[in-house]
Amino acid sequence: MESTPVALRAPLPNEQESVGALIQRIGTDVSRIVRAEIRLMQLRATEAGRVVKEAGVGLGAAVLLALAGFGALTAGIVLLVAALMPVWLAAFAVGGGFILIAAVILLIEVKSVTRGVAEVLTPVETLAPREEGPYGR
């Protein structure tokens, strides 16, 4: 048997309740459901933030390597113009290698963030099939 969160438990209506009591209960139930949905969205946003924060280290490494790559490429251009010697070729190779590594890390981290945030924001109903309750589906 699946347990229902406390915030969503409500007694079943009985035939002796007045219309006024039923309307009052509907108001209470709607209020409880709205509060539960707001809390669920807060939890999802917090979890999405955690996923982005965890990927931040990899994104930072990618940026650092990209900056190092641009620095090496700049040094290569300077050496090319200043000396026109094969030393510039090494600077381009190192710079290009840094940029290639940074691009691979960036692609991996962007994919990880996209997948993680999508999983966190996926509604619960789509993750597991619902069972029939006392009021049907």
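Q: Accessible areas are obtained by the Shrake-Rupley method with a 1.4 Å probe. What does the accessible surface of the protein chain come to, and what part belongs to carbon and sulfur atoms?

A: The model in view is predicted. In this model the protein chain has an accessible surface of about 10500 Å², and carbon and sulfur atoms contribute 71% of that surface. Buried residues account for 12% of the 137 residues.

Q: Where in the protein chain is confidence lowest, and where is it highest?

A: Where pLDDT is low, the predicted coordinates should not be read in detail. Here the mean pLDDT of the protein chain is 77, and 72% of the residues reach 70 or more. Confidence is lowest in helix 3 (residues 124–127), with a mean of 62, and highest in helix 1, with a mean of 84.

Q: How many helices and strands make up the secondary structure?

A: The protein chain has three helices and zero strands, and along the sequence the pattern reads α-α-α. Helix 1 covers residues 19–83, while helix 2 covers residues 87–121.

Q: What share of the contacts in the protein chain comes from residues 24 or more positions apart?

A: Among contacts with a separation of 6 or more, 63% join residues 24 or more positions apart. One such pair is E109 and L59, which are in contact and lie 50 residues apart in sequence, with 6.5 Å between their C-alpha atoms.

Q: How many salt bridges does the count come to?

A: Side chains of opposite charge can pair when their charged atoms come close. The count in this model is two salt bridges. D29 pairs with R32, with 4.0 Å between the closest N and O atoms; E47 pairs with R50, and there the corresponding distance is 2.3 Å.

Q: Where do D29 and R32 lie, and how far apart are E47 and R50 along helix 1?

A: Both D29 and R32 belong to helix 1, three residues apart, which is about one turn of the helix. E47 and R50 are also in helix 1, and because they are three residues apart, about one helical turn separates them.

Q: Into which class of exposure do D29, R32, E47 and R50 fall?

A: The partly exposed class runs from 20% to 50% relative accessible area. D29, at 23%, is partly exposed, and R32 counts as partly exposed at 21%. E47 has 30% relative accessibility and is therefore partly exposed; R50, at 36%, is likewise partly exposed.

Q: Is E109 buried or exposed?

A: Buried means under 20% relative accessible area. E109, at 18%, is therefore buried. E109 is part of helix 2.

Q: Which side chain of opposite charge is nearest to E109, and how far away is that side chain?

A: The nearest is R115, at 8.9 Å, and E109 has no salt bridge although it is buried. A salt bridge needs a nitrogen-to-oxygen distance within 4 Å.

Q: With which residues is E109 in contact, leaving aside its neighbours within four places in sequence?

A: E109 is in contact with A55, G58 and L59. E54 is a further point of reference: the C-alpha atoms of E54 and E109 are 9.6 Å apart, although 55 residues separate the two along the chain. E54 belongs to helix 1 and, at 52% relative accessibility, counts as exposed, whereas E109 is buried.

Q: Which residues form a nonpolar patch on the surface?

A: The patch consists of I26, V30, V34 and I38, which together have about 350 Å² of accessible area. To join such a patch, a residue must have over 30% relative accessible area. I38, located in helix 1, is partly exposed at 48%.

Technical notes:
Residues are numbered from 1 along each chain as its sequence is written. This is a predicted model: local features need pLDDT of at least 70, side-chain atom pairs count only at pLDDT 80 or more; totals for chains, interfaces and linings use all residues. Side-chain values use heavy atoms; hydrogens and water are left out. Helices (H or I, at least four residues) and strands (E, at least two) are DSSP runs, numbered from the N terminus. Buried means under 20% relative accessible area, exposed over 50%, partly exposed in between (1.4 Å probe, protein chains only). Lys and Arg count as positive and Asp and Glu as negative; His and the chain ends are not counted. Contact means heavy atoms within 4.5 Å. Patches are made of residues with over 30% relative accessible area and no salt bridge: like charges are joined within 9 Å, nonpolar side chains (Val, Leu, Ile, Met, Phe, Trp, Tyr) within 5 Å. pLDDT is the predictor's confidence in each residue, from 0 to 100.
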